[in-house]
Amino acid sequence: MKLKQRVVLLAILLIIFIFTKVFLIDNLDTSAAHREDQRAFQRMLSGLRVALEPRLEHTLQSPWEIAAQWVVPREVYPEDTPELGAVMHAMSTKKIIKADVGYKGTQLKALLILEGGQKVVFKPKRYARDYIVEGEPYAGYDRHNAEVAAFHLDRILGFRRAPLVVGRFVNLRTEIKPVATEQLLGTFMTVGNNTCFYGKCYYCRETEPACADGDIMEGSVTLWLPDVWPLQKHRHPWGRTYREGKLARWEYDESYCDAVKKTSPYDSGPRLLDIIDTAIFDYLIGNADRHHYESFQDDEGASMLILLDNAKSFGNPALDERSILAPLYQCCIIRVSTWNRLNYLKNGVLKSALKTAMSHDPISPVLSTPHLDALDQRLLSILATVKQCTDQFGPDVVLVEDRMTLSHL
């Protein structure tokens, strides 16, 4: 064989070797990532049951200090949370030392200060568990139990972007009224034998108070995020107009996602993939009311989309509002880790996992059976939507690797 032929042959063999090595490394990396997703899923399942008890591992710290240290730009709480039950126990039992009207918004809520100085948001019960909210998908009052269920779904999906929520019973006469501000106290009334209040908000009316059963009111409490992590509010790119006959651009422009991808912070970083994750989350819970969203301030698009205010959810188990999934089916991209987690939750696993996760909550049962059944059905619709995307564009385009190392140091 001539020298020139030998050189060409060696060059070809070298190229084949390099491509084979790269292919094997890619496959090994993908396989390793997939195995890590499986391990993370198993860890989540093993830690689903959160027994609410006061015991803390770090006895020199308060539950509020522990929860505050959990928060980082891409998580509200870490994957491994042995003290989660203790923090939630404190949220549901600590003495209320001050009660005020809620922060600015459209729905009734109260701002409570618990012993130790921790702020929580209290949302009162307005509906029975089996009540069906008719009308638009964002109709009706806030649902306190929806906040509880949404928090546990956030855990199950592995997002960890929702502030901690737990159910709580409060005595309005002995726990709230003695420590209430004049502004909140002025909205209290008695209807029949029940103590009620209507608070201060855009839709709060004296004619539509929230009423306790006697003096005992069921509700949810959401842990206020630490003040060292100020929030920035953003208009959701797939927000609704809330005006009859007026459509938002995404509702009629099939190329809308292309325009979104050219605008900050969606043109780089994790924010667009967070929007996709949130659309999946919202579709599962039936939340069509995310017109705005929050992230941590001055983050330049690097921090997570925080899953706040999930109470306009679980209103009608028979209504699957497909438009909530518009970011997914218009952009046709999804995180590989999210895709893997959704597949692990098939065949009734999601319903079973959520039921288990909520079983120790003080207001359990949190959801009615039809709502739990609806979750499994909606999951199938999400998986089918992703399949349509992969059939059209191929999995290499649709399934996006976006794994970020998180630090709690």
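Okay, let's start with the disulfide between Cys 332 and Cys 389. The torsion about its S-S bond is about -75 degrees, so this disulfide is left-handed. The two sulfurs sit 2.0 Å apart. And keep in mind, as I go, that what you have up there is a predicted model.

Where are these two cysteines? Cys 332 is in the loop between α9, residues 326–331, and β11, residues 334–335. Cys 389 is in helix α12, which covers residues 369–393. The two are 57 residues apart, and the pair links distant parts of the chain. Now, buried or exposed? Buried means under 20% relative accessible area. Cys 332 comes out at 6%, so it counts as buried. Cys 389 comes out at 2%, so that one counts as buried too.

How many disulfides does the structure hold? Four. Let me take you through two others.

Cys 196 is joined to Cys 211, with 2.1 Å from S to S. This link is right-handed, with 105 degrees about the S-S bond. Cys 196 belongs to strand β6, residues 194–197, and Cys 211 to strand β7, residues 210–211, so the bond ties together parts that are 15 residues apart in sequence. The two ends don't get the same label, by the way. Cys 196 has 0% relative accessibility, so we call it buried. Cys 211 has 33%, so it counts as partly exposed.

Then there's Cys 201 with Cys 204, their sulfur atoms 2.0 Å apart. The torsion there is about 105 degrees, so this disulfide is right-handed. Both Cys 201 and Cys 204 are buried.

If you count the bonded cysteines along the chain, what pattern do the disulfides follow? It's 1-4, 2-3, 5-6, 7-8.

Since I mentioned β6, let's stay there for a second. Strand β5, residues 188–191, runs antiparallel to β6, and four bridges join them. One of the partnerships to look for is Phe 188 with Phe 197 in β6. β5 and β6 make a hairpin with two residues between them. In that turn you'll find Gly 192, which has a positive phi of about 65 degrees.

Quick reminder for anyone new to sheets: the strands of a sheet pair through backbone hydrogen bonds, and they can be parallel or antiparallel.

So, on to the five-stranded sheet. In what order do its strands come? They go β1-β2-β3-β8-β4, in an open sheet with antiparallel pairing. At the edges are β1, residues 96–101, and β4, residues 165–171; each has a single partner strand, so one side of each is left without a neighbour in the sheet. On average, neighbouring strands here are turned by 35 degrees against each other, ignoring direction.

Let's zoom in on one pairing. Strand β3, residues 118–124, and strand β8, residues 216–223, run antiparallel and are joined by five bridges. If you want a spot to click on, try Val 121: its bridge partner in β8 is Thr 222.

There's also a helix packed on this sheet. That's α3, residues 84–93, and it touches β2, β4 and β8. The direction of α3 makes about 25 degrees with that of β4.

Another helix to look at is α11, residues 349–358. Which of its residues are buried? Leu 350, Ala 353, Leu 354, Ala 357 and Met 358. Looking down the axis of α11, these buried residues fall within an arc of 120 degrees, so they line one face of the helix.

Now for a bit of annotation. UniProt, in an unreviewed entry, lists Asp 289 under "active site". Where is Asp 289 in the model? It's in the loop between α8, residues 271–285, and β10, residues 292–296. Setting aside neighbours within four places in sequence, Asp 289 is in contact with Tyr 138, Tyr 242 and Lys 312.

Last, let's zoom out. The protein has 13 helices and 12 strands. Of its 409 residues, 51% count as buried. And if you take contacts between residues at least 6 apart in sequence, 73% of them join residues at least 24 apart. Okay, that's my tour.

Terms used: Residues numbered from 1 in each chain as written. Predicted model: local features only at pLDDT ≥ 70, side-chain atom pairs only at ≥ 80, totals over all residues. Heavy atoms only, no water. UniProt positions renumbered as here; feature names shortened; annotations may be inferred. Contact = heavy atoms within 4.5 Å. Disulfide = S-S within 2.5 Å. Buried < 20%, exposed > 50% of the residue type's maximum accessible area, 1.4 Å probe, protein only. Pairing = 2+ DSSP bridges. Axes fitted to C-alpha atoms, helices over the stretch in contact; angles between N-to-C directions. Arc of directions from axis to C-beta.
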